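Reader: I am new to this one. Please show it to me, and then I will ask how each label is earned.

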Amino acid sequence: MLRPADGGEFVIAGPDRVFHPARVRVEGETLVVWSPRVPDPQAVRYGWSNTPHATLFNRAGLPASPFRTDDWPEGD
């Protein structure tokens with residue numbers, strides 16, 4: 001079971017590869033990530049910064065590691 005904390009370390013991008021802050025909720029075992037600024041989501045990143053702040057935790061209270069769903073070159 002995952003639980004997101006308040007605050008944001010999630011960002012989402014569309015085909016233009018421009019990332020925007022995103023909202024997140026848990027539905028069963030799935031994270032649902034969205035932003036009204038991204039109507040056609042293509043990629044999600046969590047904690048993808050030089051100084052990430054944990055906002056996603058498992059049942060034991062341990063933070064999730066940063067991750068990304070894309071393989072776009074850095075800088076995109």
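**Labels and their reasons**

Author: Start with one pair in this predicted model. Y46 stands opposite F67, a residue of strand β8.

Reader: How do you know that β6 and β8 pair?

Author: Pairing takes at least two bridges between the strands. Strand β6, residues 43–46, is joined to β8 by two bridges. The cut-off is therefore met. The two strands run antiparallel.

Reader: Which strands make up the open sheet, and in what order?

Author: Four strands, in the order β3-β2-β6-β8. Their pairing is antiparallel.

Reader: What makes β3 and β8 edge strands?

Author: Each pairs on one side only. Strand β3 covers 19–21 and β8 covers 67–68.

Reader: How many helices and strands does the chain have?

Author: Zero helices and eight strands. Along the sequence the pattern reads β-β-β-β-β-β-β-β.

Reader: Why is the chain called as compact as a globular protein of that length?

Author: Set the value against the rule. The radius of gyration is 12 Å, and the globule rule gives 11 Å for 76 residues. The two are close, so the label holds. The C-alpha atoms fill a box of roughly 35 × 25 × 20 Å along the principal axes.

Reader: What share of the residues is buried, and what makes a residue count as buried?

Author: Buried means under 20% relative accessible area. Of the 76 residues in the chain, 26% are buried.

Reader: What share of the contacts with a separation of 6 or more joins residues 24 or more positions apart?

Author: That share is 55%.

Methods: Residues are numbered from 1 along each chain as its sequence is written. This is a predicted model: local features need pLDDT of at least 70, side-chain atom pairs count only at pLDDT 80 or more; totals for chains, interfaces and linings use all residues. Side-chain values use heavy atoms; hydrogens and water are left out. The radius of gyration is taken over C-alpha atoms; the globule rule is 2.2 Å times the number of residues to the power 0.38. Buried means under 20% relative accessible area, exposed over 50%, partly exposed in between (1.4 Å probe, protein chains only). Contact means heavy atoms within 4.5 Å.
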